[in-house]
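Please open the model in your viewer and keep the selection panel at hand, since this tour moves from one selection to the next.

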Amino acid sequence: MTIARSELWGGRALLIGLMTITILPFISIFMTALHPSGTVPGGLDWPSDPQWGNFVEAFKVAEMPALLASSTFIVLAVVPISLAISTMAGFAIGHLRIPGSRMLLFLFVFGLTLPFGGIIVPLYYLERDMGIYNTRLAIVLPLIGLYMPFAVFWMRAHFVNMPTEISEAARVDGATTWGLFWRIHLPLARAPMLSLGILMAVWTWNQFLIALVLVEDPTQRTMAGALGAFQGHYATDVPLLCAGTILIVLPTLVLFILFQRQMISALLQGSVKG
Amino acid sequence: MITSNKRPASLAISRWVSRSKAAHREIVIGWLFALPALLMYAVFVLLPFVLSIRYSFYRWNGIGDMTWAGIDNYRTILEVPSLLGTISNAFRLVVYFSFIPVTLGLVVASVMQRVAPGRLGATARTVLFLPQVIPLVAAGIIWGWLLALPGLINQILKLVGFESYTRAWLGDFDWALPAVGLIGIWVLLGFCTVLLWTGMTRLDPALYESARIDGASWFTEFIKITVPLLKHEIGVCVTVTVIAALAAFDIVYVSTAGGPGNSTAVPGIQIYILAFTQQRIGLASALAVMLMVMVLVVVLPIQRLSRETAQ
């Protein structure tokens with residue numbers, strides 16, 4: 001393809017401009033975080049005396065170790081269980097094609113566009129009655145349920161494309177349904193399961209509304225949920241708020257930089273399938 | 001259900017009975033595979049969904065008795081301006097969260113596809129995706145500061161000589177909603193751009209080659225080739241962003257909490273306030289039901305359109 005020189009440079013300029021707009025907000029809060037706690041600096045002023053201690057202070061007041069532990073626990077509870085049960089359901093609907101699987105799929109697809117805000121009120125009363133309100137289970141259990149429409153849909157799309165010959169051959173060799181699933185299909189489903197796992201981990205870590213409403217204690221919430229509480233306490237201390245925000249966002253950013261290829265393709269595929 | 005061209009019932013039953021025991025066992029085992037997922041979904045999504053509909057027909061403060069209200073809650077939403085306003089605010093957000101990112105994303109992606117292969121493209125892909133991986137709450141807090149009186153936006157305006165336009169954007173009755181919209185653009189533009197760009201890399205370059213031999217301009221190529229062939233990706237972008245606009249909560253909650261007045265109140269925020277600070281469960285549920293119906297009514301036709309044309 002031949003491209004005019006002006007177009008080439010114009011295009012590059014546009015791209016760099018867009019990247020600048022994307023990054024500038026991060027730079028602005030980073031610089032603000034280095035100003036003395038309690039002051040109100042400008043948006044892009046380099047501090048004369050950088051206060052690196054703000055990060056230490058925010059680390060303490062945000063109770064970072066407790067937060068990290070809580071979020072990690074929630075992710076480790078939600079993701080493996082969701083992966084396991086959605087893969088099994090996707091296998092049953094997409095490969096075994098159990099009687100009623102069309103209806104079952106339709107039922108799950110119905111939940112694809114459901115906004116969390118639509119069911120949050122009854123969820124609150126339901127969890128009170130179940131006695132799990134204000135525990136981490138209050139976040140874990142509904143998230144597993146809320147991920148099922150997408151997760152089952154995603155795994156079914158994989159299993160529906162698996163040739164039936166593989167299963168027929170295994171059956172001839174005397175494999176039970178469980179053996180078929182565990183020894184043959186699970187190893188073949190690794191790639192879609194990995195993408196799905198990444199997606200659900202990011203969604204869980206960033207989950208706000210569920211955490212805000214169903215758990216009062218910020219240190220028992222997800223990272224994003226705790227950030228809401230942190231903002232409530234330090235709304236007026238801008239440098240400290242910025243330092244806290246950076247700390248809370250940092251784990252996600254580090255993971256993203258390490259696994260950018262996988263995360264981008266998972267997030268893109270995720271939206272294309274959903 | 002239409003049964004006229006099916007086998008008579010008696011035949012079906014005898015076939016059912018004659019099925020081997022093993023086959024029944026297979027069916028039971030198959031259903032056992034689907035059961036855990038179904039159970040979690042039923043208890044934590046379908047049941048609350050049904051309860052939402054039920055609550056919406058009652059007057060209830062969450063503690064005392066529920067009293068039947070019929071369609072009063074729905075009528076209240078349609079009659080009280082501050083409640084009805086949340087719905088119109090949601091649709092105004094669609095312009096910022098959906099229309100602008102998708103349109104701009106298409107233009108940027110098509111420019112990028114022509115000029116940015118290799119390293120610059122790979123870097124741009126990662127950088128533009130950043131807002132998509134941080135929590136929306138964080139985006140709200142970051143921009144809450146950028147849009148504040150001493151924040152970056154006003155600083156830039158002063159720098160280029162528009163000092164008279166500076167203001168506390170999120171606290172301004174006229175500007176708060178567009179300011180929240182700007183946050184949405186920042187979050188979603190990169191996502192749309194990268195998704196559409198990825199779609200474009202799959203298109204056959206030969207299409208463009210022949211168009212260029214015929215002397216087609218960038219714009220003609222864009223309208224005649226790129227947009228029609230990307231209908232599926234465009235449909236995905238529109239769906240994702242429209243849902244983000246209608247169901248918005250996180251960004252609005254931390255940046256304006258619905259204010260000033262009700263100028264940025266959206267259904268998600270109003271449901272939260274009605275249910276958890278005003279204890280008006282019935283009214284909150286009616287709004288929740290309307291929100292869910294709204295999303296379905298808007299999103300389903302988009303889905304159908306983009307799926308059909310993608311075939």
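Which side chains meet in a salt bridge, with N to O at 3.5 Å? Select A:R171 together with B:E26, whose side chains form that salt bridge, and bear in mind throughout that this is a predicted model. Across the interface of chain A and chain B, the rule finds 1 salt bridge.

Keep both chains displayed and turn next to the polar contacts, of which the interface of chain A and chain B holds 12 residue pairs, both residues being at pLDDT 80 or more. Now select residues 5-33 of chain A, which are helix α1, and you have the element that supplies the largest share of the side touching chain B, namely 18 residues. If you colour that side of chain A by residue class, it divides into 67 nonpolar, 22 polar and 6 charged residues.

Widen the selection to the contact as a whole, to which chain A gives 95 residues and chain B gives 88 residues. Between them the two chains bury about 8,000 Å², with 80% of this area on carbon and sulfur atoms.

Finally, hide chain B and show chain A as a cartoon, where you will find 13 helices and 0 strands. The radius of gyration of chain A is 23 Å, well over the 19 Å that the globule rule gives for 274 residues, so chain A is more spread out than a compact globule. With the C-alpha trace displayed, the spans of chain A along its principal axes are about 75 × 65 × 30 Å. Colouring chain A by accessibility would then bring out the buried residues, which make up 55% of its 274 residues.

How values were computed. Residues numbered from 1 in each chain as written. Chains lettered and ligands numbered in written order. Predicted model: local features only at pLDDT ≥ 70, side-chain atom pairs only at ≥ 80, totals over all residues. Heavy atoms only, no water. Contact = heavy atoms within 4.5 Å. Buried area = accessible area lost by both parts, 1.4 Å probe. Salt bridge = Lys/Arg side-chain N within 4 Å of Asp/Glu carboxyl O. Polar contact = N/O pair within 3.5 Å; in protein donor to acceptor, adjacent residues only side chain to side chain. Helix = DSSP H or I, 4+ residues; strand = E, 2+ residues; numbered from the N terminus. Nonpolar A, V, L, I, M, F, W, Y, C, P; charged D, E, K, R; others polar. Rg over C-alpha atoms; globule rule 2.2 N^0.38 Å. Buried < 20%, exposed > 50% of the residue type's maximum accessible area, 1.4 Å probe, protein only.
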